[in-house]
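Biologist: I am new to this structure and would like a close look at its salt bridges, with the setting in which they lie. Please go slowly and explain each term as you come to it.

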Number of protein chains: 2
Amino acid sequence: MQKATVKECLTKLPVGSELEVRGWVRTFRSNRFIALNDGGTAANLQCVVDFENASEEDLKRITTGSCIVVRGDLVSSQGKGQTVEVQAKSFEILGDADPDEYPLQPKKHSLEFLREKAHLRMRTTTFGAIMRIRHAATFAVHKYFNDRGFFNIHTPIITGSDAEGAGEMFRVSTLDPANPPMTEDGKVDFAQDFFERETNLTVSGQLEAELAAMGLSKVYTFGPTFRAENSNTSRHLAEFWMIEPEVAFNDLDDNMDLAEDFLKSVIKYILQNCEEDLAVLDARLAEEEKVKPQAERSEQGLIERLNFVVDNNFVRLSYTEAIEILRNSKPNKKGKFKYRIDEWGADLQSEHERYLVEKHFKSPVILFDYPASIKAFYMRLNEDEKTVRAMDVLFPGIGEIVGGSQREERLDVLVSKMQKLGIEEEDLWWYLETRKFGTCTHSGFGLGFERMVQFITGMGNIRDVIPFPRTPGRAEF
Amino acid sequence: MQKATVKECLTKLPVGSELEVRGWVRTFRSNRFIALNDGGTAANLQCVVDFENASEEDLKRITTGSCIVVRGDLVSSQGKGQTVEVQAKSFEILGDADPDEYPLQPKKHSLEFLREKAHLRMRTTTFGAIMRIRHAATFAVHKYFNDRGFFNIHTPIITGSDAEGAGEMFRVSTLDPANPPMTEDGKVDFAQDFFERETNLTVSGQLEAELAAMGLSKVYTFGPTFRAENSNTSRHLAEFWMIEPEVAFNDLDDNMDLAEDFLKSVIKYILQNCEEDLAVLDARLAEEEKVKPQAERSEQGLIERLNFVVDNNFVRLSYTEAIEILRNSKPNKKGKFKYRIDEWGADLQSEHERYLVEKHFKSPVILFDYPASIKAFYMRLNEDEKTVRAMDVLFPGIGEIVGGSQREERLDVLVSKMQKLGIEEEDLWWYLETRKFGTCTHSGFGLGFERMVQFITGMGNIRDVIPFPRTPGRAEF
């Protein structure tokens, strides 16, 4: 008797096959119909039990959440919703799930409740779909870059450098926390720590990716990054995964082309490879939208939205043009923005980005050439000496999904910028040496992986697109 | 004029193409022949400069490490070692590399020296090859699992759980290190820390992968893991990448099959996709072997060794059988082992593993059914009640490359084991619940990615197969 997965039963094996299939019971109705799921696919396999020849006691143990093995024949199904089912000759309970204790009974659970049960939520239809899509997106990322001659670089997680300034950092240490060794001037003596210096968790692999690009030309990172910010919002995680391509000889235009092509390719891959799971999430979102007031409902369904992004060019405009549009916009004139846009140089807030994307252009937007004063030190200064070759990709419902730039490749300009900002040259001697030896134009960007998965799955809270979210006060599991 | 990479010039473009190619100068000889490399491939592209029509000053700037763009025609080459070359019509220096300062001059550098220059070493032939192979192995891992219906799970890096007992951990904190808040009984008050508890960097994603496998059936992790052990050896890193598949319904035999098939598939992928880079490393290793005394030299070259692993079955034997072989071995009888094997129950040391693999079987070996007393709490107890369903895969030159087990799926057995070892049930309530609700047989293993890359590249020191190694006292870059 062959072992088969639920997916093999539903899509591959010929009717008439004698088989053995394992999985978890989703529902059991009429003492006869088991909906069996093994997580390999969204669909359940119907297994029909011959209840007249089964013991009462065994039948009672077929409960939601129990793990069973069913042996029988694959037959055409008369019922609606499936073309095949398994006519069970026998079944066996591998692991019980007491209905009085098992929390995931077949009824609607709130996303908040399921977050508390992150160890079990992957057994549900919604989270099974999200996690399978997250995997498919992971694979699509690697495939995209591999197909185009990029090399994946594992940049360090523990870093002695804190010059990137991307946000608050977590300290990593093995010193006795209650009695750390102290220096004579009353500071913690990190020279006695594991790495003989103060170390933190990385906020970005960009600087190290640049080092690699200056030897291997096209590289990308895909790893965890960290922010110790006390942000208890639906858009922030303390630990999240970031993708950072970095390409020698690419200028800002090449960089925008790469970001747009990359996003479209990954989304296309999901549209082509995750139809069933997308259908689950499309229906879930439609359900969620129904209860919203008319004015707040999205014009597009989930799959429609994904197709829209794949099929249309992103709008590209300079920061200066964006400021003009925002300054003359209705919400700005009517005082509807929390932060009024009065003059060039203002940092754009989420409300402004959303206005541009969702109201004005109704399309993903790439903004470029930002004021130098609101962007990081490593971005290349334009000839005007007040803007830098930065770019942000803005997505509907998500806001900034990509942030990138052409990097400052001129040693003298970079050093003078660092001096102005008080960044010590000796802390970044290795970064500066790539400008000293064989420097060249190069560009790259960072993409928050969970933001992309949110966009693809339509999930409103970032905590629902990563298996075990880390947020202030939460490090369970 | 089309932009082309070095690889495109060497393998794809037709002779006669007019092109523009960028890269870093490896060597420049006779004021005429540039060996240009852009890191996309091991081979250099010869560019021939018309020195009579170039300025003396420009020619002087073509130095090792400088970055240049060459414009010209792709022509058949008369010289040996290449079939095509670029007849340069013009060239331009993008970034100089002062020969008095640039450290990577064209001579042999020690691996130790290059470790100090990790920001530049990827520009060398050896490290270019290693990093491209590391990338290819990364992709092969994802492809292997994706092709077989596994889902990649990003397990948490910051963890509140320290029950795994796999080794010393790094603490993660945002408390003021000099003045941490204290509780009344004089301990650090981690309730005031970012996560409101003490947190560490993960040593393994296994427990969380098990949670996922109990819903999605087949999963794998591929992420960084950490050991705060003061081991300054060629085999240890404080930060390294681990691959951990976990499969519901797999027993130990399935697990051994998976490990063997996985290792062979990844190595086969490298043999098929990285010929040129393997040739570089094969030659490097042969060179290194030459200076060793005859008795210490490997019998096989690098590529030979990889083919051997792919083509032959791994030897599988129980711990008990291994102990018998070791007890009766010459080195044991003659007192040549540092740790003499006298009785059943002894933990195997590296010297014993190497004897089995390199001397006795001359083959990769899988040992299974280890004494419960020397293995982790979550491994399934055999009927004999003294051994557990553990397995280790041992490789020549590397030692343990994979460690895995069938997991204890019986709640009562697991709880009693934890109690004996003093592991608090409340710390792992979520892990125990997977045994309480729909438990089933399942198995998995962990593979140290760098150990595998070491085996594939033939590099003796683990610090040379990761871009920026983290070891005691070292967190530079």
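Modeller: What follows begins with how the model is to be read, then turns to the salt bridges inside one chain, and then to the place where two chains meet.

Residues are numbered from 1 along each chain as its sequence is written, while chains are lettered from A and ligands numbered from 1 in the order in which they are written. This is a predicted model, in which local features need pLDDT of at least 70, side-chain atom pairs count only at pLDDT 80 or more, and totals for chains, interfaces and linings use all residues; side-chain values use heavy atoms, with hydrogens and water left out.

Side chains of opposite charge can pair when their charged atoms come close. The term salt bridge is used here for a side-chain nitrogen of Lys or Arg within 4 Å of a carboxyl oxygen of Asp or Glu, and over all chains the structure holds 66 of them.

Chain A has 477 residues, of which 58% count as buried, a word that stands for under 20% relative accessible area, with exposed meaning over 50% and partly exposed lying in between (1.4 Å probe, protein chains only). Its secondary structure comes to 14 helices and 17 strands; these are DSSP runs numbered from the N terminus, helices being H or I with at least four residues and strands being E with at least two. The C-alpha trace of chain A spans about 85 × 60 × 45 Å along its principal axes.

Within this chain, Glu20(A), Arg22(A), Arg71(A) and Glu92(A) are linked in a network of salt bridges. One of its bridges joins the side chains of Glu20(A) and Arg22(A), with 2.9 Å from N to O. Glu20(A) counts as buried because its relative accessibility is 11%, and Arg22(A) counts as buried at 18%. Another bridge pairs Arg71(A) with Glu92(A), whose closest N and O atoms are 3.3 Å apart. That pair links distant parts of the chain, since Arg71(A) lies in strand E5 (residues 67-76) of chain A and Glu92(A) in strand E6 (residues 84-95) of chain A, 21 residues apart. Glu92(A), with a relative accessible area of 37%, is partly exposed.

A further salt bridge, between the side chains of Lys290(A) and Glu287(A), has an N to O distance of 3.8 Å. These two residues are three places apart in helix H7 (residues 275-290) of chain A, which means that about one helical turn separates them. Lys290(A) is exposed, with a relative accessible area of 56%, whereas Glu287(A) is partly exposed at 46%.

From here the view moves to the meeting of the two chains. A contact means heavy atoms within 4.5 Å, and the contact of chain A with chain B takes 107 residues from chain A and 107 residues from chain B. Together they bury about 8700 Å², 65% of it on carbon and sulfur atoms, where buried area is the accessible area (1.4 Å probe) that two parts lose on being put together, summed over both.

Between chain A and chain B the count is four salt bridges, including the one that Arg197(B) forms with Glu476(A), in which the closest N and O atoms are 3.4 Å apart. Across this interface there are also 39 residue pairs in polar contact, both residues being at pLDDT 80 or more. A polar contact is a pair of N or O atoms within 3.5 Å; within protein, one must be able to donate a hydrogen and the other to accept it, and residues adjacent in sequence count only if both atoms are side-chain atoms.

On the side of chain A that touches chain B, helix H4 (residues 125-147) of chain A gives the most, with 10 residues. The residues of that side divide into 54 nonpolar, 29 polar and 24 charged; Ala, Val, Leu, Ile, Met, Phe, Trp, Tyr, Cys and Pro count as nonpolar, Asp, Glu, Lys and Arg as charged, and the others, Gly among them, as polar.

The chains are also joined through strands, which pair if DSSP finds at least two bridges between them. Strand E9 (residues 171-173) of chain A and strand E9 (residues 171-173) of chain B run antiparallel and are joined by three bridges, with Ser173(A) standing opposite Arg171(B).
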